[in-house]
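Let's go through this one together, one feature at a time. Have the sequence and the viewer open as you read.

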There are 2 protein chains.
Amino acid sequence: MTISNLQQETDQSFMLQALALAEKGKYSTLPNPCVGCILTKNGIIIGSGFHKKAGTGHAEVNALADARNKGNDTSGSTAYVTLEPCSHFGLTPPCAVALVKAGVKRVVCAMTDPNPLVSGKGFDILRDAGIEVIVGICEHQARRINVPFLYAMEHEIPYVTQKMGISLDGRIALKNGASKWITSAESRADVQTLRAQHQAILTTAATVIADDPSMNVRTDEFPKTVKLSVPEEYVVRPLKVIVDKRKVLTLKEKIFSSSGDVLLVYPSDNRDVSEKKLTEKINVLYVPAVNNSDDLDIEQVLKYLHSIKIRNVLIESGPKFCKFMLSHNLINSLILYIAPKLLGDDAISFCKLEGYESMDEINSLKLAKCTQIGNDIKLEYIIKE
Amino acid sequence: MTISNLQQETDQSFMLQALALAEKGKYSTLPNPCVGCILTKNGIIIGSGFHKKAGTGHAEVNALADARNKGNDTSGSTAYVTLEPCSHFGLTPPCAVALVKAGVKRVVCAMTDPNPLVSGKGFDILRDAGIEVIVGICEHQARRINVPFLYAMEHEIPYVTQKMGISLDGRIALKNGASKWITSAESRADVQTLRAQHQAILTTAATVIADDPSMNVRTDEFPKTVKLSVPEEYVVRPLKVIVDKRKVLTLKEKIFSSSGDVLLVYPSDNRDVSEKKLTEKINVLYVPAVNNSDDLDIEQVLKYLHSIKIRNVLIESGPKFCKFMLSHNLINSLILYIAPKLLGDDAISFCKLEGYESMDEINSLKLAKCTQIGNDIKLEYIIKE
């Protein structure tokens, strides 16, 4: 093994540890990305940290503070950071400057920050100070832990995930609407962790009327194996977005009184998107219909959500809205919890798509992950990257 | 750790090795069970073997021969056998007698043979010769590798598995019947290994007409990771059983000319089951209808298959036959290959069950195994144990 090979393996090993740290923020960092940082000196870790919540210290600052708290001198150290150190004064001073001041001599980064406020400028500050900068170590893994953030930055729209609990034969309810419960308690506990990783939950008046759900995050229902690595109050509380195109909701439904703010989506009389405050917790967004149809222009809703820094949206809806979103190519990933039940041919399908004439018309989705949850299966598919 | 604990752990460790050997016969031992045997002396393996094919040496005989070939003296040894050694003269002499003659002093067995010709008698021969006999080590695992054999012995009917390749929304074909190919080439290769583990494949004239399949075992299409541990000619060639209740097949379909014998199932004019030889490769079984209906009494077919020593049956059929078999409680396990595609709400469901009024009427199946095969998922459920 050559020295440069050895150096690369060492860099990868520390970066993987920094990535594991970064992931600890997955319930709390949004709208910021998950970032981890490890400081080493002579091959020994002298400090580490991760970003916990917007407005609190970045990973690099936390790692430098950790090193100092342990009485370690950071001068001459190497910093492993999962994302380019920031260059701008936001809620905290620029991390690139903090690394320079701390006397770090080498910075290893997994990837460039796609945020146009930073992109490349963080590296410039470091290089201008004579620091050696390596970029691209474990970039693939680094992108994976921040898919919604990166997608939102690059496309200026949130990353959208459709979640469904279905039977083995692809049904969500009996003909008469009965559906309690198709999936198991374990799967429903997993859904709580899924909600907690999203800044917004999108549903429809039809679902609110059918199920009267709270659609909040209940951390006490998290699976026992899931441990929060941040204080409970750091956990993201998703905005509940409800499409009510016929204005049928009374605002007395449970979803309005449970924790978390609500954004009601109403049809607009003209082509404009406008917003109105209804109560302390409830806002209304008026959006036009899609091409003179009965359906509202959800892409406008997503663009609005992006403008208020929402990076990802979880859809919990029925089959009609699922079909609408799929047929308008607005869904990035599909998560299915499949229960070991057969509901029968007259039961309601999870997705009301129809009308294919040839198998060639049908695209394959990309399977991203398959997890067994008790007798249920959780399947994660990528539809749009 | 006490001495008896240590002994038990040693016994388990060797038994697991014997079970791994037994499993090597999974493509060839039927109608016999998979059996493995390990001989040890002073904690060292001196010989090992497994049963490969009916009519060839049993596991114990193969292990004794292996020890002798290696120049090892079997007297005073311990034999680990995954199933009770046989006591009867079948195609080979009784293994229990062979173990006695070889001077084995201790026999550790995973389970008693459910075959009434043997059950307990093998142990009697050993004990009468002063051999210490331990029964029940790793019994759970031993039962698992011989589920079809044990089920057939205990219920006098073959173990029935329904296999389906379906879309994510539970469909097997478009409205116009198009279905080539829903699942991937990798899944179809896996189906070849599934067929090779069955003594009979059951299908219907409707499927034969729709797809004109060969339904034979093509070992050259096995996934590259699957290695046969027996000669190619040992591999089970399933009997192809075709239910043709309207006698619409011309016998010119591919399934009749491809390798493997065919049993055609025709309706009988009376309540009797009778058999007739049509050609060298094709027999006809006449069976009555179920309760004056149009459907044939498949349970009679299964009983007939049991009488000719068929332990397991793989169903490869369309949704109507699947519904028939499910609603008559004739299926033991369901294997679904789920492709990452949405065929839409007007496509054909994999199972034509219908008519549930309440979720309480719907039973949960038991998930036995979940495997990722490329972008597809293979799910194995237990319906009837």
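Q: How many salt bridges are there over all chains?
A: Side chains of opposite charge can pair when their charged atoms come close. In this predicted model, the count over all chains comes to 35 salt bridges.

Q: Which residue forms a salt bridge with Glu154(A), and how far apart are the closest N and O atoms?
A: The partner is Arg143(A), with the closest N and O atoms 3.0 Å apart. This pair links distant parts of the chain: Glu154(A) sits in helix H6 (residues 147-155) of chain A and Arg143(A) in helix H5 (residues 139-145), 11 residues apart. Glu154(A) counts as partly exposed, at 42% relative accessibility. Arg143(A) is partly exposed too, with a relative accessible area of 30%.

Q: Which residue pairs with Glu221(A) in a salt bridge?
A: Glu221(A) pairs with Arg218(A), and their closest N and O atoms are 2.8 Å apart. Glu221(A) is partly exposed at 36%, and Arg218(A) is partly exposed at 27%.

Q: Turning to chain B, are Asp66(B) and Lys70(B) buried or exposed?
A: Asp66(B) has 17% relative accessibility, so it counts as buried, the cut-off being under 20%. Lys70(B) is at 54%, so it counts as exposed, the cut-off there being over 50%. The two form a salt bridge, with 2.9 Å between the closest N and O atoms.

Q: Which residues are linked in a network of salt bridges?
A: Look for Lys245(A), Arg246(A), Asp294(A) and Asp295(A), which are linked in such a network.

Q: Now the interface. How much area do chain A and chain B bury between them?
A: The size of an interface is often given as the accessible area lost when the parts come together. Here chain A and chain B bury about 3,900 Å² between them, and 62% of that is on carbon and sulfur atoms. On the chain A side, Leu168(A), Leu342(A) and Met359(A) lose the most area to chain B, together 18% of what that side buries. Counted as residues, 48 of chain A are in contact with 48 of chain B.

Q: How many salt bridges and polar contacts are there between chain A and chain B?
A: The salt-bridge count between chain A and chain B is one. Asp345(B) forms a salt bridge with Lys352(A), the closest N and O atoms being 3.6 Å apart. There are also 14 residue pairs in polar contact across the interface, both residues being at pLDDT 80 or more. Strands S14 (333-339), S16 (366-373) and S17 (376-382) of chain A each supply at least two residues of the side that touches chain B. By class, that side has 25 nonpolar, 12 polar and 11 charged residues.

Q: Which residues does the UniProt annotation "binding site" cover?
A: The record, an unreviewed entry, lists Gly165(A), Trp181(A), Arg195(A), Thr207(A) and Asp211(A) under that annotation. Such annotations may be inferred rather than shown by experiment.

Q: Where are Arg195(A) and Asp211(A), and are they buried or exposed?
A: Arg195(A) is in helix H7 (residues 185-195) of chain A. With a relative accessible area of 8%, Arg195(A) is buried. Leaving out residues up to four places away in sequence, Arg195(A) touches eight named residues' worth of surroundings, including Ile201(A), Met215(A), Arg218(A) and Glu316(A). Asp211(A) is in helix H8 (residues 205-211) of chain A and counts as partly exposed at 42%.Q: Where in the backbone is there a cis peptide bond, or a positive phi in a residue other than glycine?
A: Most residues other than glycine have a negative phi, and most peptide bonds are trans. In chain A, a cis peptide bond joins Leu30(A) and Pro31(A), with omega about 10°. Pro31(A) lies in the loop between helix H1 (3-23) and strand S1 (36-41) of chain A. In chain B, Leu30(B) and Pro31(B) are likewise joined by a cis peptide bond, with omega about 10°. As for phi, Asn42(A) has a positive value near 50°. Asn42(A) lies in the loop between S1 and strand S2 (44-50) of chain A, and is exposed at 77%. Leu251(B) also has a positive phi, of about 70°, and is found in the loop between strand S9 (239-243) and helix H9 (254-257) of chain B.

Definitions and conventions: Residues are numbered from 1 along each chain as its sequence is written. Chains are lettered from A and ligands numbered from 1 in the order in which they are written. Side-chain values use heavy atoms; hydrogens and water are left out. Helices (H or I, at least four residues) and strands (E, at least two) are DSSP runs, numbered from the N terminus. Buried means under 20% relative accessible area, exposed over 50%, partly exposed in between (1.4 Å probe, protein chains only). Contact means heavy atoms within 4.5 Å. Buried area is the accessible area (1.4 Å probe) that two parts lose on being put together, summed over both. A salt bridge is a side-chain nitrogen of Lys or Arg within 4 Å of a carboxyl oxygen of Asp or Glu. A polar contact is a pair of N or O atoms within 3.5 Å; within protein, one must be able to donate a hydrogen and the other to accept it, and residues adjacent in sequence count only if both atoms are side-chain atoms. Ala, Val, Leu, Ile, Met, Phe, Trp, Tyr, Cys and Pro count as nonpolar, Asp, Glu, Lys and Arg as charged, and the others, Gly among them, as polar.
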